[in-house]
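User: I am new to this structure and would like a close look at a single part. Please start there, then show me how that part fits into its surroundings.

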Amino acid sequence: MGFLCWKEWVEFWKSSTSASDGQEWVKDGSVDFKGRPVIRSASGGWKASFFIIGVEFSERLTYYGIASSLIIYLTTVMHEGTATAAKDVNNWTGVTTVMPLVGGFMADAYFGRYWMVLISSIIYLLGLVLLTLSVSLSALKPPGCPKTDAVCMSMNKPTSTQHTVFFVALYLISVGTGGHKPSLQSFGADQFDEDDKTEKVKKASFFNWWYCGLCGGVLLAVTVVVYIQANVNWGVGFGIPTAAMALSIPVFVYGTPFYRHVVPGGSPITRVARVLVAAFLNRNKRLPSHTGMFHENWDVEDRKAGQRLLSRTDNFKWLDKAAIAVEADDNADDTTGRRSIRSQEPSPWRVCTVTQVEETKLLVRMVPIWLCCLIFGMCISQQTTFFVKQGVTMDRRMGPHFEIPPASLLTFSAGAMIIFVAIYDRFLVPVAKKITGHERGITLLQRIGIGMFVSILCMVSAALVETRRVDMAKKYHGVKGAPVRLPISVFWLAPQFVLLGIADVFTLVGLQEYFYDQGPDGMRSLGIAFYLSVVGVGSFLSTLLITIVEKVTVIGGHESWFTTNPKGLHWDYFYWLLAVLGTLNLCAYVCAARRYTYKNVKPVEESVTAKG
């Protein structure tokens with residue numbers, strides 16, 4: 001490919017940027033690595049995004065190479081019970097997907113997305129190296145036991161040192177992911193200029209193809225990597241993700257000449273705090289009837305940070321008081337006849353701009369949507385815990401010599417995502433555009449809601465299959481000569497994985513685009529972190545729900561739904577509970593979505609007029 005030419009790469013570091021005839025500067029405030037304005041044809045777009053999507057492919061291969069089989073490792077090597085292992089996986093997943101709130105804030109406010117990706121990649125790699133050592137060295141893991149020998153497992157629990165090293169490595173990976181995940185995706189979307197009609201259309205496709213690349217990494221992880229973990233050894237199985245992450249760092253750096261950078265805009269928390277303080281201080285003032293009496297300003301620094309003017313909206317009017325313009329000081333300077341600087345520039349803690357107020361409103365409007373997505377986060381957390389454990393006891397044979405590793409069941413989900421992303425982007429969107437006239441075919445909130453509905457169908461499917469599996473387990477429990485695997489094919493689990501994959505295409509991709517597009521311009525890494533936190537908090541809530549169910553179901557001397565005794569086992573009840581919660585949640589989401597007001601950005605021409 002032409003853009004991979006070494007000569008072009010070297011030329012970037014030697015030359016200065018200048019636009020020749022017919023070339024156009026990017027006008028959204030983007031700069032190159034050296035802080036210079038960038039030429040549209042020589043930077044950004046798919047040319048830069050290929051590197052970024054490639055890095056995401058490697059990172060997801062790394063993450064799912066660990067996450068998909070983590071519950072198997074915890075139960076077979078670390079000798080944990082299923083419920084305990086599920087809690088540990090959910091807690092780790094929760095921390096891993098909540099940490100991006102910190103990483104996204106640091107990227108937006110101080111470091112910039114490029115440097116945050118690079119720094120967090122190194123931390124990520126250190127965690128992977130430690131994890132590989134902990135599963136490879138016999139001194140750092142407990143003695144092995146037969147999979148069915150519960151007595152051996154109970155007597156050979158990991159030592160405190162072994163337990164500490166393993167989980168320190170896991171949570172070091174969480175820290176690395178915290179900076180890597182939100183920064184990389186928002187950095188990829190930054191490569192497309194929203195003020196250019198052609199690039200704006202490409203940006204909408206970027207989120208779909210980003211997810212396609214992501215799913216490619218997942219697919220390779222849950223097939224090749226998981227097979228090696230199950231049939232070779234854990235050291236090699238975790239060594240491959242480590243190598244993938246190590247390779248992604250130079251690939252990312254090599255794409256440096258083609259990237260567009262958004263200058264960090266300072267702390268977004270400060271901007272929000274100023275609005276809240278100003279609204280409180282001006283609480284007794286009456287809102288003006290004319291929009292021209294609201295304060296607005298837009299300067300070069302705002303544009304450099306990727307800020308755009310927002311139109312005033314009518315909801316949350318109490319916040320509008322923060323933008324009431326202060327009357328100019330009538331006392332002019334005796335010498336110059338001009339007003340003092342103080343009167344021209346009121347305190348930012350006393351008077352904010354309309355755009356700053358609207359940014360705060362955007363965050364307030366996002367809260368109900370975010371809350372309504374948490375049940376969905378609980379549903380998808382099951383695919384790396386109970387869904388995988390369901391498959392352990394089922395017939396996983398494909399022919400006389402091959403058996404599907406339990407964690408490879410995620411192949412159904414990843415494959416469904418890859419196929420359906422292409423169908424959605426190339427077929428469903430064009431058809432929906434003709435019907436609705438909407439530039440995306442359907443709105444972002446409609447897309448998210450459809451995925452929530454599909455996730456409910458997934459839980460229903462999982463409950464029905466689990467009922468059949470439990471009945472089969474009861475039938476053969478304690479029977480002499482009973483088969484090691486239940487005589488029920490693991491492919492009965494395929495529908496629930498496929499449905500969850502389709503739900504991800506609608507809801508997870510929709511959430512990525514929603515939080516990036518509808519969030520404040522200066523908080524886009526943090527916006528991606530909000531999307532990730534849906535999965536993280538959902539995982540924590542799943543852990544909480546498991547704990548509550550365990551305590552409630554044993555009341556009266558009954559066995560827990562999660563017992564190892566097939567006669568008392570009821571994962572199907574747990575899935576039905578999630579389906580009911582999902583249905584109630586979907587009703588609440590529809591109510592919230594119907595009241596939602598989308599972000600209203602002023603065109604560049606109006607922004608320039610406002611500045612003047």
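Analyst: Ser 49 sits in helix H2, which covers residues 45–76. The model is a predicted one. Is Ser 49 buried or exposed? Ser 49 counts as buried because its relative accessible area is 0%, and the cut-off for buried is under 20%. Leaving out residues up to four places away in sequence, Ser 49 touches Gly 188, Gln 191, Phe 192 and Phe 206.

Helix H2 also matters for the count of the nonpolar interior. The largest nonpolar core has 131 residues. H2 gives the largest share of this core, 15 residues. Which residues have the most contacts inside the core? They are Phe 166, Phe 252, Tyr 514, Phe 574 and Tyr 575. Another core lies apart from this one. It has eleven residues, including Val 275, Ala 278, Leu 319 and Cys 352.

Take Phe 574 next. Beyond neighbours within four places in sequence, Phe 574 is in contact with Gln 382, Phe 386, Leu 545, Ile 546, Val 549, Trp 561 and Phe 562. Phe 574 is one of the buried residues of helix H21. Others among them are Trp 571, Asp 572, Tyr 575, Leu 578 and Gly 582. H21 runs over residues 571–594, 24 residues in total. From its first C-alpha to its last, H21 reaches 35 Å. That is close to the 34 Å expected at 1.5 Å a residue.

Now turn to Arg 113. Arg 113 belongs to helix H5, residues 113–136. Arg 113 is buried because its relative accessible area is 8%, with buried set at under 20%. What does Arg 113 touch, not counting residues up to four places away in sequence? The contacts are Ala 107, Asp 108, Ser 183, Ser 186, Phe 187, Asp 190, Val 262, Asp 521, Arg 524 and Ser 525. Two of these partners also appear in polar contacts of the Arg 113 side chain. The side chain of Asp 190 is joined to it by a polar contact of 2.4 Å. With the side chain of Ser 525, the polar contact is 2.8 Å. Pro 264 lies 151 residues from Arg 113 along the chain, yet their C-alpha atoms are separated by 8.3 Å.

Next come the strands. The protein has 22 helices and two strands. Strand S1, residues 394–395, runs parallel to S2, and two bridges join them. Met 394 stands opposite Leu 486 in S2. Strand S2 covers residues 486–489, and its side chains alternate. Leu 486 and Ile 488 point to one face and are buried. Pro 487 and Ser 489 point to the other face and are not buried. Why the alternation? In a regular strand, side chains alternate between the two faces of the sheet.

Step back to the whole protein. Buried residues make up 55% of its 612 residues. Among contacts with a separation of 6 or more, 81% join residues 24 or more positions apart.

Last, a word on confidence. The average pLDDT is 80, and 84% of the residues score at least 70. Over residues 328–343, the pLDDT is below 50. Beyond near neighbours in sequence, that stretch has eight contacts in the model. Residues 607–612 also stay under 50. For residues 607–612, the model has seven contacts beyond four places in sequence.

Technical notes
Residues are numbered from 1 along each chain as its sequence is written. Side-chain values use heavy atoms; hydrogens and water are left out. Helices (H or I, at least four residues) and strands (E, at least two) are DSSP runs, numbered from the N terminus. The expected span of a helix is 1.5 Å times one less than its number of residues. Buried means under 20% relative accessible area, exposed over 50%, partly exposed in between (1.4 Å probe, protein chains only). Contact means heavy atoms within 4.5 Å. pLDDT is the predictor's confidence in each residue, from 0 to 100. A nonpolar core is a set of buried Ala, Val, Leu, Ile, Met, Phe, Trp, Tyr and Cys residues joined through side-chain atoms within 4.5 Å. Two strands pair if DSSP finds at least two bridges between them. A polar contact is a pair of N or O atoms within 3.5 Å; within protein, one must be able to donate a hydrogen and the other to accept it, and residues adjacent in sequence count only if both atoms are side-chain atoms.
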